[in-house]
Amino acid sequence: MTASSFFSVALFLGLSSITSYFLNKYIYGIFSNNKILDPITSRSSHRSKATRSGGLSVFLSICFCFAIASSTYSLAVNPYALLGVIFMALTGIADDFFNVRYREKFFLQIFSGIILLQAGYEINSFHGIFGVYELPEWLATTVTLFVYIIIVNAVNLIDGLDGLASLLLIKFYVVVGGVVMVGTSEMALFFPIAIGALLGFLLHNFSSVNKVFLGDTGSLFMGSVMAFFVFYIMDSSSQIVIDTYISRPLFCVLLLLYPLTDTLRVILLRSYKRRSPFVADRIHLHHRLADKGYEHWEASLLIFCLSISLLSINLFLFQYIGLVLCVLVSLTFMFLSFFWFFK
Amino acid sequence: MKKLLIFVVFFSFFSYSQEGLSDYLLVEKDSASFYTFTKEGVYFSSFDENNVLDYRYRAYSKPPPKTFKDVPTDTFSAINLHGVIYLLYPGGGVLYQYSNGAIERIDESFPHRNQFAGFFFAYNSELYLLGGYGYWASKEFLTKFNFESRSWEVVSLSGEAPKGGINQGSFLKAKNSIYVFDFFSTQPESLIDKKNDFLYELNLSKSLWVKKGRLSAPSPAVSIEEAFLSVRTRYGSSLFERAAHTSAFRIIDPLKNVVKIFSAENELSKLSKNSIFVGSKIVYASQSADNKSYKVTFADINSYPVVDEKKHILDNQGLFLKYIAYSSVFLALLVLFLYAFFKNRDTLYSLSDQSLFNEKGLVFISIEEKKILSLFLDSSVVENNVLLELFSDESKSFDAIIKRKNKAIKDLNDRFKEVFSQDLIFKDTDKHDSRQVVYSLAPKTQLISEVKGFSSS
C-alpha cells in the first residue's frame, strides 16, 4: 500500500466515521422528536428509547462520502450494482416506516437481485466444490438470486443484538476490502467508507440512553452490498488474491458464517416445531447468549471474535490441509464453540 | 559504446547457404540440430562446437501425399516424438509421419478445420491438439490421436476451461501441464474474439483446467491480427515471444511467474513465425531482398541484455499480507476499545412505576421506592434531607421518619442484591461538607426512566 493510498483510506475512514456519527445523532433527533420510535415488545432486548434510524444514517453517510470519493478519487462501482443496493435501501426505508409485508418484500428483493445481476457478477462457478466448476447460465442466475435472498435476509435476522450486525459487517468489509483492494483500485475506497459509517453508527447503537438500531434500511442495504461482493468474489472472471490461500466458496461461507449458520438453525428449529420459519421469535443463537446472562456487547464481541478466529484458522490452514479437512476443522470448531458458549 | 558493443556482438549472425528456400518448416531434433522440411526433401542441420552450422540434404525417398503438397509447408505443425516427426495438417485432422526418409499419411481422419492455431503437442507418447479456431468460433477442447483407430478423439476435461475457447494463444508445455495465455476467446453474444487476460493451466495427468490468475505482463499484441504476426516458440521450459512491430522480445516462464524482457533493437525483426530454438539459438528463415526466397539464420539470445523483469501473473501476496497485518491490528484495536469502553461504562437500569430492570433482571418496587429512585434519575448523589422529605409525616417523629427511610433503602438494597449481586444505594458523606450525609448510587450505575407509550412485557 503506497503512502497516498494509505492516506486516502485513512481520510475516508475518518470522514465517513464523523459523517455517520453526526448524521446518526441528527436523524435520531428527528425521529425522536417526531415520536418515530422502535416499539418495545416481548422480543425486544432494549428497554430505553430507541429509533430505527441507523440504517438511513449509514446509507446517507455512505452516499455522501461515495460522492466525494468518486469525484475526487477514482472510486467507481458498476451503476447496476449501485441501482440494486439503492433499491434495496429504499425498500428498507419503506419497511421501517410502513412495515412492508413479507411477500412484497420478497418480490422486491428478487427484483433488486435481478438489477444487481446486470452488474455482470454472479455465482457462475463453484470453483471445484463437489467437482463442479462453471455453471450453465440459467443455473448461475438461479443460484445467484437464491444466495442474494439468503444473504439479505440473514443480515436482517442477526440484527437483534446491539452491535452484532454492525460488527459482523465491519469484519466482512475489512476482510473483503483487502481481497478486492489488492486486485482492483476502482472499488478500493468503498471499504473504508462503509467501515467508517458502521463505526459511527456503532457508538449510537451501543449507547444506553439514546439507542439507534440499523433497522430494515440498514440490514437490507448492507445485506445487498454484502451479496454484491460475494458475487464479485465468486464470479470466475474476477481475479482476486485469495485464490492463493483458500477456496472461494469456503471463503465466502466463512465470511457469512454467523448469519448463515444462525439462519439455518432458526429455520430448522422453527420447521421442526411446525412454525412458520418467517415468524420472529427469540431462538437465535445471539438471543441464547443474552438469555444466558451475557450483556449485548459481550455477546456481540464474542460472536465477532469467534467468526474472525475461524476465518483466520482456515486462511492459515487451507494451504496445508486442503478443503475437506478445513471444513472438518471448521465444523469441529463450531460444535465446540456451541457447547462451550451457547449451550 | 554499449550500443556499439551490442551491435558488434549481436549482429554477428551466423547464416548458412541454405538459400533459395521458398516453403519450409523447421523442427527441432535435439539441442544441437534440427530439420528443415520442404516439399521435396529435408535438410538435417547441426551446430558444431564452434557454432558453425552444417547441413546435409536428403530428398524424400518417395513422393509425399498430394494433400501434403497442396498446402504451404510452413502451415503444418510438427512434433518430434522419440525421433519420429509428426506433421499435422493446418486446422487439425490429417496427420503425417516422417520416417525412413518419407512422409506418409498415418490417419484415417479428414481435415476438420476446427483447430487452426491450436497447440500440437506430445504427452506420454500420445499426440494431442489443444484449442484453436474454426467455423467462426474458438475452441477450448483437447483432441487426442488414437494410433489404433487412426483418428482423433475428444478428451474429456474438467475444471475451469477458458470460456469462449483459445485462439492465437501462447502455449507452453512444462512438466505435466500446458500453460495457456495471451489468447483470444469468442464472445458468445457477438462471435467476436476478445483477448483473455488470464493464465490457464491444463494439468494433463488430471485432465483438469485451472485458472491461475490475471496476467500482469500480457503480450503487447492486443489484436488478433497482431497476435497472428507474433513469433512464439518454446525455449527450454519457457516461451519466447516477439510481438510484431516491437523492438524487444520476452522470455516467459509461467512456472517461475517471471517475464524477462530483452532489448533486440531491430536485430530479430526478421524472425519467422515458425522459428525454433536449438539450445540457446533461435533458428529462423530470413527472407531475401527479392522477397522470393529464404535462408536459414540463427542468433544466440543468451547475451541479449535484459531490460526489464516482470511478474507474469498478478502477485499481490505481499501487499495482501501487509493488508492482513494492518487489518488485524485494526480489528484487535476495535475489540480492545470496545472491551475497555464497556468495562468502564455505567450499568444501566430502567425505572418503571413497578420495577427496576435491565437485560439481566428485574426487581419489583413499591411506590415509596419508586419515589426514592426517581431522585437518582437526574443525579447519582442525593442529599439525605432531600430523601427525608419524601418520608416527611407530621404525625411521626423525626426518628421514625429516619428509620422508615433507612428501612426502605435497606429493603431495596437487599432485593436488588438478590437479583444483581450488589447494593444499589450507598450512604456516604458529602465531599464538600463532611457533616452532611448523602446517598449515592453504586459506582458505574445509572438509572433511566422507562420509555412511556410503548407496550412493555
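Mentor: A residue is buried if 20 or more other C-beta atoms, placed from the backbone, lie within 10 Å of its own. The model is predicted: local features need pLDDT of at least 70 and side-chain atom pairs 80 or more, while totals for chains, interfaces and linings use all residues. Residues are numbered from 1 along each chain, chains are lettered from A and ligands numbered from 1, as written.

Trainee: What share of chain A counts as buried?

Mentor: Take all 343 residues of chain A. The buried share is 50%.

Trainee: How many helices and strands does chain A have?

Mentor: Count DSSP runs (helices: H or I, at least four residues; strands: E, at least two). Along the sequence they read α-β-α-α-α-α-α-α-β-α-α-α-α-α. The tally is 12 helices and two strands.

Trainee: What is the radius of gyration of chain A?

Mentor: The C-alpha trace spans about 55 × 55 × 40 Å along its principal axes. The globule rule (2.2 Å times the number of residues to the power 0.38) gives 20 Å for 343 residues. Chain A comes close to that, so it is as compact as a globular protein of that length, with a radius of gyration of 19 Å.

Trainee: How do H8(A) and H9(A) run relative to each other?

Mentor: H8 spans residues 215-234 of chain A and H9 residues 248-255. Their axes come within 9 Å and cross at roughly 165°. Over 145 degrees counts as roughly antiparallel. Therefore H8(A) and H9(A) are roughly antiparallel.

Trainee: Which residues of H9(A) make the contact?

Mentor: Contact needs C-beta atoms within 7 Å. H8(A) supplies Val230(A), Ile233(A) and Met234(A). H9(A) supplies Arg248(A), Pro249(A), Phe251(A) and Cys252(A).

How values were computed
Axes fitted to C-alpha atoms, helices over the stretch in contact; angles between N-to-C directions. Parallel < 35°, antiparallel > 145°, perpendicular 65-115°, else oblique. Contact = placed C-beta atoms within 7 Å. Buried ≥ 20, exposed ≤ 12 C-beta atoms within 10 Å, placed from the backbone.
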